[in-house]
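Work through the following exercises with the sequence and the 3D model at hand. Each task is followed by its solution.

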Amino acid sequence: MAENKGVMVYGEIMEGKLSSITTELLGCGRRLADELKEELLCVLVGDKLGEVPQKAIAYGADKVYTTEAPLLKEYQTDSYVAVLEKVVKDITPRILLLGQTSMGRDLAPRLAFRLGVSLSMDCLELSIDPGTKLLQQTRPVYGGNARATFTSEALPQIATVRQKAMSPLEPNESRKGEVSAIKVELDPAKIRTKVLDTVKEEVAGIKLEDAQAIVAGGRGIGGPEGFKQLEELAKALKGAVGASRPPADNKWVPDTLQIGLTGKIVTPELYIAVGISGASQHIAGCSGAKNIIAINKDPEANIFKEARFGVVGDWKQVLPAFTDKVRELLAG
Ligand SMILES: Cc1cc2nc3c(=O)[nH]c(=O)nc-3n(C[C@H](O)[C@H](O)[C@H](O)COP(=O)(O)OP(=O)(O)OC[C@H]3O[C@@H](n4cnc5c(N)ncnc54)[C@H](O)[C@@H]3O)c2cc1C
């Protein structure tokens, strides 16, 4: 049997481009492959991949394996698992990384089962044990209150990685790499579901994940009306509005605005937490922010331990004056 070698990244493609999670995985995979002194491999599945394999090389891959077929135009569990199983069995990587995305969460457990190996999901940190060369996989446990590091001996070691937990490399278009096509015979009869319709999430303004300034509201905002005031400040800062879990659970804001362990991970320059207590599950989503500012009426609130600057007070009084001052400073 072939020796397991190399770090393989499963590359997701969104609207004909490498998705941001894939560039993050390639950045992290490059570091792991260099530590192992092995190659960084990327597998791309779809129809008419165009320039995407070259982009994967620009972001750090040494070798890209592609499987293209009209049947693979849309993501579909049965066909994609079948392709990945074949590619991984043929190439025998040491490590396989996928994103903790809806696609990665669907594929990884099925693939691990078919390959008879274990899997760690939602990893935040990955490293190589220099002695054993095994991947150390760190992920949150106990609802985000602690982190645990796992490893496994069966190869390939498979991990899914949370979005924004890793950083991409600067793309280098002159980087050289190899692209090889892998042929997979797909039996349409074995594809049990088909995509009937795709509904695109409507995002007005800047996407939360891309915003450099985020104004996030918590239960202390009290209802959907209050979020309109947060929008004013976000607009002045050319940023986006986010939320802790209670506003999303109470439908004051769409679920897509939730930040935290079960929401989005954000890494803006500025994170203004308004009426948010600072529970660990919320901090799990915003601890990567460069500067946190907290506005909370409780001086003992945990968020002040995380914040660089804090205002103890009622946001209804603090926020309008703060927004006016921001507008004045940015206009001047
Ligand atoms: C498995 C699991 C996953 C979870 N995932 C997430 C997640 O992804 N994201 C998340 O956010 N939570 C998550 N939670 C919930 C989390 O534990 C907390 O319950 C939640 O973050 C609390 O939200 P909050 O800070 O808005 O509300 P609270 O904890 O109720 O805090 C409200 C704050 O507002 C302040 N306040 C009230 N009125 C005012 C006012 N007028 N002016 C100023 N301040 C005021 C209060 O002093 C208080 O500090 C999860 C929990 C579990 C168990």
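**Exercise 1.** Find which side chains place an N or O atom by the ligand, starting from threonine 262.

Solution. The model is predicted. Begin with threonine 262: an N or O atom in its side chain is 2.7 Å from a nitrogen atom of the ligand. Next take glutamine 281, where a side-chain N or O atom is 2.8 Å from a ligand oxygen. Then turn to glutamine 258, which has a polar side-chain atom 2.9 Å from an oxygen atom of the ligand. With a cut-off of 3.5 Å for a polar contact, the distance of 2.7 Å for threonine 262 falls within the limit.

**Exercise 2.** Describe the cover and the shell of the ligand.

Solution. On its own the ligand has 980 Å² of accessible area, and the protein covers 76% of this. Two elements, helix 6 (245-249) and helix 7 (280-286), each give two or more residues to the shell. In total, 24 residues surround the ligand, with Arg219, Ser244, Thr262, Ser277 and Asn296 the closest. Sorted by class, the shell holds 13 polar, six nonpolar and five charged residues.

**Exercise 3.** Establish the strand order of the five-stranded sheet and place helix 5 against the sheet.

Solution. The sheet is open, its pairing is parallel, and the order reads 14-13-15-16-17. Strand 14 (240-243) and strand 17 (309-312) are the edges, since each pairs on one side only. From one strand to the next, the twist averages 20 degrees. Inside the sheet, strand 13 (213-217) and strand 15 (270-274) share five bridges, and valine 215 stands opposite isoleucine 272 of strand 15. Finally, helix 5 (224-236) packs on the sheet and touches strands 13, 14 and 15; its direction makes about 140 degrees with that of strand 14.

Conventions: Residues numbered from 1 in each chain as written. Predicted model: local features only at pLDDT ≥ 70, side-chain atom pairs only at ≥ 80, totals over all residues. Heavy atoms only, no water. Near = heavy atom within 4 Å. Polar contact = N/O pair within 3.5 Å; in protein donor to acceptor, adjacent residues only side chain to side chain. Areas by Shrake-Rupley, 256 points an atom, 1.4 Å probe, with all protein chains shown as cover. Helix = DSSP H or I, 4+ residues; strand = E, 2+ residues; numbered from the N terminus. Nonpolar A, V, L, I, M, F, W, Y, C, P; charged D, E, K, R; others polar. Pairing = 2+ DSSP bridges. Axes fitted to C-alpha atoms, helices over the stretch in contact; angles between N-to-C directions. Contact = heavy atoms within 4.5 Å.
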